[in-house]
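Student: I would like to practise reading a model step by step. Could we go through one together, one feature at a time?

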Number of protein chains: 2
Amino acid sequence: MLTVHEVSELASVSVRTLRYYDKIGLLRPAMRTDAGYRLYGDEDLARLQQILLFRELEFPLKDIRRIIDDPAFDRTRVLDQQIELLELRREHIEGLITLARDIKEKGATTMGFSAFDTSKIDDYTRRAKESWGRTPEWEEYEVKSAGRTHADNKALGDELLGLFKPFGTMAAEGMDPASADAQAQARAVQAFISEHYYTCSDEVFAQLGRAYGSGGEFTSNINAAAGEGAAEFAAHAIEALLS
Amino acid sequence: MLTVHEVSELASVSVRTLRYYDKIGLLRPAMRTDAGYRLYGDEDLARLQQILLFRELEFPLKDIRRIIDDPAFDRTRVLDQQIELLELRREHIEGLITLARDIKEKGATTMGFSAFDTSKIDDYTRRAKESWGRTPEWEEYEVKSAGRTHADNKALGDELLGLFKPFGTMAAEGMDPASADAQAQARAVQAFISEHYYTCSDEVFAQLGRAYGSGGEFTSNINAAAGEGAAEFAAHAIEALLS
DNA sequence: CATAAACCATGACGTAACGTCAGGGTCAAG
DNA sequence: CTTGACCCTGACGTTACGTCATGGTTTATG
């Protein structure tokens, strides 16, 4: 069990970065002390290694999370593609070195911009991401959201958030999350997601429910729109519904 | 003469990036058409090449500007150090590749974090920047600003901006930038800079004056604090003073 | 010659991945 | 029991652009 500072030194990342990764749910420490100090275990370090490899390849943190949290995450295959990408990057650097040498000897040349072209790397990156993103839910989401505008998406999101308001009032009134009303509302949410986003099976919904109550982005968004405690209440209702 | 789009395609940078580089004064196109369209010449392309090389090395744009606008800019020496840095980067990537291979074969290892250590690169980068920044003005600035707090610097900046207010009123009243009052005020600014920042020779001051009137950051900051037209008026006054 | 398609401009707002205080607990050592 | 080295959570700042919104310009085409 290592503290933030220790991990920071070991892995050459800033303490702020570790706190940030915790906040966005990319790397949560295995446990906390009574005082709230973060303590990282071996698993966390392994995960951090994966994260840093992706970061070197300039993957956005959101994508990194999606990839390594994917249930279909295949470590060896991902590593193979990471190696491939690293090799492409090495070639890119080598191109830049020869360019710099050329400029030094022959002066700047108008034709010497091809070394800055990253389309090969970008292509491979895109294909790799696609190959990792091909889960059925993702496919479906792509299809359903294909024809939507920015405004459509916002309206849909607002509508979904609206479905949480009853949870907010129920929470304020101290109702039971296992009550029929709460259960019905939970089913409504599940149906809405299935209709507009992707087929929301009980299993997927259960996982989603846990995310609602976990104190992350979901929690704060929902509570901002539907009142304090709405997200946690919803999480409990969903748990009760599916167990 | 190439348009933004053409340069964008040639050099694999976005049009937005070119507009941004123009705005911050990093890469201003050689000319504009009557309609205001940017037109880039050969010099601009050579400069862009330099910029992109630095960008690959993750230099902040401000530093890039400082380096290539430095009167003591030595192209060959800079290229040598860029090549050195690129080679360090290649080694770094190679370290990551062997790490990824190791993980693939033997699983994640706690000791496998040294590949993420960039201190060698950082050290070399720091030394290179120092070697480029060692102009007399810079040294002096370092010394004079050594003991200042954040608040001190803000106060000083405000005071300097205050010296531009007379220019603002003069501009509003349609006065002549070559008048004695304007000249005196310009000398006051020069003296203030010499005292609190760095010895502001006539030559340096002339260059600074041009920057005031060039429509960049200087211009907008001054005009915001001292009234519309103050910066341009100051630029003319300085020009008149020194010619 | 008009009109659509493709390009250009500025301005304003948004974003990612942190850096950097500010304000305040914790804990081992002397 | 205090001091210095850590830790915490906000909250605001920064860099290097992406992304509209809104509107002028140029050129290929019917």
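Student: Let me start with the fold: how many helices and strands make up the secondary structure of chain A?

Tutor: Before counting, keep in mind that this is a predicted model. The secondary structure of chain A consists of 13 helices and two strands. Chain A has 243 residues, and 40% of them are buried. You can also look at how far apart in sequence the contacting residues are: among contacts in chain A between residues at least 6 apart, 60% join residues at least 24 apart.

Student: What turn and shift lay chain A on chain B?

Tutor: A turn of 179° with a shift of 0.0 Å along the axis lays chain A on chain B, and the RMSD is 0.4 Å. This is the relation of a two-fold axis. The same surface serves both copies, since 100% of the contact residues of chain A recur in chain B.

Student: Which residue of chain A comes closest to the rotation axis?

Tutor: That is Arg90(A), whose C-alpha lies 2.9 Å from the axis.

Student: Now a single helix. Which residues of helix 11 of chain B are buried?

Tutor: The general idea comes first. An α-helix has 3.6 residues a turn, so residues three or four places apart point the same way. In helix 11 of chain B, the buried residues are Phe205(B), Leu208(B), Gly209(B) and Tyr212(B). They cover an arc of only 105° around the axis, which puts them on the same side of helix 11 of chain B. The face turned away from that buried side carries the exposed residues Glu203(B), Gln207(B) and Arg210(B).

Student: What should the span of helix 11 of chain B be at 1.5 Å a residue?

Tutor: The twelve residues of helix 11 of chain B, 202-213, should span 16 Å; the end C-alpha atoms are 17 Å apart, which agrees.

Student: Let us turn to the DNA. Which residues come nearest to DNA strand C?

Tutor: Of the 20 residues around DNA strand C, the nearest are Ser14(A), Arg16(A), Tyr21(A), Leu61(A) and Arg38(B). Then ask which part of the strand is being approached. Of the atoms of DNA strand C within 4 Å of the protein, 68% belong to sugar or phosphate, and the rest belong to bases.

Student: Which residues of chain B have polar atoms by its phosphate oxygens?

Tutor: Among them is Thr3(B), with a side-chain N or O atom 3.0 Å from a phosphate oxygen of DNA strand C. Arg32(B) also uses a side-chain N or O atom, at 3.3 Å, while His5(B) offers a polar backbone atom at 3.4 Å. As for elements, two or more residues of the surface near DNA strand C come from each of helix 2 and helix 4 of chain A and helix 1 and helix 2 of chain B. Helix 2 of chain A gives the largest share, four residues.

Student: And which helix supplies the largest share of the surface near DNA strand D?

Tutor: Here it is helix 2 of chain B, with four residues. Of the 20 residues around DNA strand D, Arg38(A), Ser14(B), Arg16(B), Thr17(B) and Tyr21(B) come nearest. Sugar or phosphate accounts for 71% of the atoms of DNA strand D within 4 Å of the protein. Polar backbone atoms of His5(A) and Leu61(B) lie 3.2 Å and 2.9 Å from phosphate oxygens of DNA strand D, and a polar side-chain atom of Arg55(B) lies 3.4 Å from one.

Notes
Residues are numbered from 1 along each chain as its sequence is written. Chains are lettered from A and ligands numbered from 1 in the order in which they are written. This is a predicted model: local features need pLDDT of at least 70, side-chain atom pairs count only at pLDDT 80 or more; totals for chains, interfaces and linings use all residues. Side-chain values use heavy atoms; hydrogens and water are left out. Copies are superposed by least squares on the C-alpha atoms of residues with pLDDT of at least 70 in both. Contact means heavy atoms within 4.5 Å. The expected span of a helix is 1.5 Å times one less than its number of residues. Buried means under 20% relative accessible area, exposed over 50%, partly exposed in between (1.4 Å probe, protein chains only). The arc is that of the directions from the helix axis to the C-beta atoms. A residue is near a molecule or strand if one of its heavy atoms lies within 4 Å of it. A polar contact is a pair of N or O atoms within 3.5 Å; within protein, one must be able to donate a hydrogen and the other to accept it, and residues adjacent in sequence count only if both atoms are side-chain atoms.
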